[in-house]
Amino acid sequence: MDIQGLKKTLEEEFAKVNSSQELEALRIKYLGRKGVLAQYTAYIPTLQPSERAEFGKKVNEFKIFCCEILKEQVENKVSLEKSVVEQDLDPGLPSFTFEPGRLHPITQVIDEICSVFKRMGFWIVEGPEVETEYNNFTGLNISLDHPSRDAFDTFYLKSTRKLLLRSHTSPVQIRVMKEQKPPLAVIVPGRVYRPDAVDASHSFMFHQIEGFMVQEGVNFSQLKGVLEVFAKEVFGKEIKMRFRPHYFPFTEPSAEVDISCIICGGKSGDSEKKKCSVCHGKGWLEILGCGMIHPNVFKNVGYDSNKYSGFAFGMGVERIAMLKFGIDDIRLFFSNDLRFLRQF
Ligand code: DAH
């Protein structure tokens with residue numbers, strides 16, 4: 001076996017290689033199953049025992065040589081192909097733009113509102129979107145004949161009437177109060193569902209933020225104070241608030257809260273001629289419902305209503321975002337149109 005001669009031929013052949021196909025053909029010729037090396041290896045057992053060791057050593061040496069030269073060539077080939085790619089590359093062409101992602105406007109508003117309440121000591125708690133009928137209605141003192149229990153106003157699951165898609169975030173009051181003793185101050189952001197026909201101001205899914213505080217001696221003026229901090233932080237220091245008496249089954253007394261119109265500053269209410277398009281000349285915008293937690297709700301969670309009192313409130317995030325950003329169609333939040341979303 002002329003190992004030096006073999007090495008030389010191999011080197012010459014590899015030097016001529018121009019493409020990866022040619023390289024692969026040479027690999028098969030030398031290292032393949034029926035290649036040159038395989039043939040030399042098969043030859044070993046036919047030799048005299050005294051000759052085998054020396055021949056085997058040479059075959060091995062040649063094998064290592066083959067592998068090394070092949071590795072070197074593969075590396076050369078890669079850099080060769082790379083440089084071809086580089087030649088084809090036109091650095092004058094516009095590059096791909098990788099835009100950084102951003103938070104959805106609804107998420108931004110939720111984060112902003114939660115951070116205001118967090119600074120006032122509220123905890124953020126989330127609840128499931130699939131709720132029991134008990135937590136969504138019964139525990140909250142919503143009577144069996146209340147219209148919101150109707151299948152036209154709530155998505156029930158598998159017509160069992162035991163499980164539903166929560167229609168508000170208030171059921172988290174029941175969950176938290178059943179688990180924990182007062183004092184507590186909690187804020188609950190989350191998705192809610194109602195079978196409403198979709199239009200500019202309705203969506204079958206939207207977001208709410210519920211809040212509540214329970215402790216000995218909590219009163220309505222504290223509710224007003226907390227909500228005033230919230231409204232001024234989110235809508236600006238000049239904002240005015242008013243509480244209108246209202247009815248909710250889970251609070252007594254209850255109120256709806258309006259803020260002075262953020263577009264006309266409440267002035268359009270005075271002028272008959274030019275009506276503000278946002279408040280329609282009323283000068284006020286309704287932003288949330290609230291009240292003192294009803295004693296029946298406390299009874300349902302095992303709290304002593306003679307000892308504890310609490311307030312609760314609930315607001316729609318989309319409505320607040322629409323007012324804040326001047327958006328007139330709720331569907332824009334959910335149509336995933338980047339031209340809209342990039343503005344926030
Ligand atoms: N859950 C009510 C709704 O979806 C909003 C609400 C009103 C929540 C008054 C409250 C409250 O906690 O006290 O319309």
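**Exercise 1. Leu37 in its helix**

Task: In this predicted model, state which helix holds Leu37, and decide whether Leu37 is buried or exposed.

Solution:
- Step 1. Locate the residue. Leu37 is found in helix α3, which covers residues 36-43.
- Step 2. Read the relative accessible area. For Leu37 the value is 5%.
- Step 3. Apply the cut-off. Buried means under 20%. Leu37 is therefore buried, at 5%.

**Exercise 2. The neighbours of Leu37**

Task: Find which residues Leu37 touches, leaving out residues up to four places away in sequence. Then give the distance in space from Leu37 to Lys63.

Solution:
- Step 1. Collect the contacts. Leu37 touches Tyr30 and Leu31, and also Val59, Phe62, Lys63 and Cys66.
- Step 2. Take one of these partners, Lys63. In sequence, 26 residues separate Leu37 and Lys63.
- Step 3. Turn to space. The C-alpha atoms of Leu37 and Lys63 are 6.8 Å apart.

**Exercise 3. Strand order in the sheet**

Task: Write down the order of the seven strands in the open sheet, and name the edge strands.

Solution:
- Step 1. Count the elements of the chain. There are eleven helices and nine strands.
- Step 2. Set out the sheet. Seven strands line up as β1-β4-β5-β9-β8-β7-β6, with mixed pairing.
- Step 3. Check the ends of that order. β1 (123-124) and β6 (241-248) each pair on one side only, and they are the edge strands.

**Exercise 4. From β6 to β9**

Task: Trace the pairing from β6 to β7, from β7 to β8 and from β8 to β9. Give one facing residue pair for each step,,.

Solution:
- Step 1. Begin at β6. A hairpin of two residues leads from β6 to β7. The two strands run antiparallel and share seven bridges. Arg244 faces Glu256 of β7.
- Step 2. Look at β7 itself, residues 251-260. Eight of its ten residues are buried, so the strand is mostly covered.
- Step 3. Move on to β8. Eight bridges hold β7 and β8 in antiparallel pairing. Here Ser254 stands opposite Gly291 in β8.
- Step 4. Finish at β9. β8 (residues 284-293) and β9 (residues 309-316) are antiparallel too, with five bridges between them. Gly289 is set opposite Gly314 in β9.

**Exercise 5. The packing of α10**

Task: List the buried residues of helix α10 and the elements they pack against. Then look at the residue just after α10.

Solution:
- Step 1. Pick out the buried residues. In α10 (residues 317-325) they are Val317, Glu318, Ile320, Ala321, Met322 and Leu323.
- Step 2. Name the partners. The helices are α5 (105-119) and α8 (220-235); the strands are β5 (205-215), β8 and β9.
- Step 3. Pass the helix end. Gly326 takes a positive phi of about 70° just after α10.

**Exercise 6. The whole chain**

Task: Compare the radius of gyration of the chain with that of a compact globule of 344 residues. Add the box, the burial and the contacts,,.

Solution:
- Step 1. Set the two radii side by side. The chain has 38 Å, whereas a compact globule would be near 20 Å.
- Step 2. Take the box along the principal axes. The C-alpha atoms fill roughly 110 × 55 × 40 Å.
- Step 3. Check burial. Of the 344 residues, 40% count as buried.
- Step 4. Check contact range. Among contacts between residues at least 6 apart in sequence, 67% join residues at least 24 apart.
- Step 5. Close with the surface. About 20,200 Å² is exposed, and carbon and sulfur atoms supply 54% of it.

Methods
Residues numbered from 1 in each chain as written. Predicted model: local features only at pLDDT ≥ 70, side-chain atom pairs only at ≥ 80, totals over all residues. Heavy atoms only, no water. Helix = DSSP H or I, 4+ residues; strand = E, 2+ residues; numbered from the N terminus. Rg over C-alpha atoms; globule rule 2.2 N^0.38 Å. Buried < 20%, exposed > 50% of the residue type's maximum accessible area, 1.4 Å probe, protein only. Contact = heavy atoms within 4.5 Å. Areas by Shrake-Rupley, 256 points an atom, 1.4 Å probe, with all protein chains shown as cover. Pairing = 2+ DSSP bridges.
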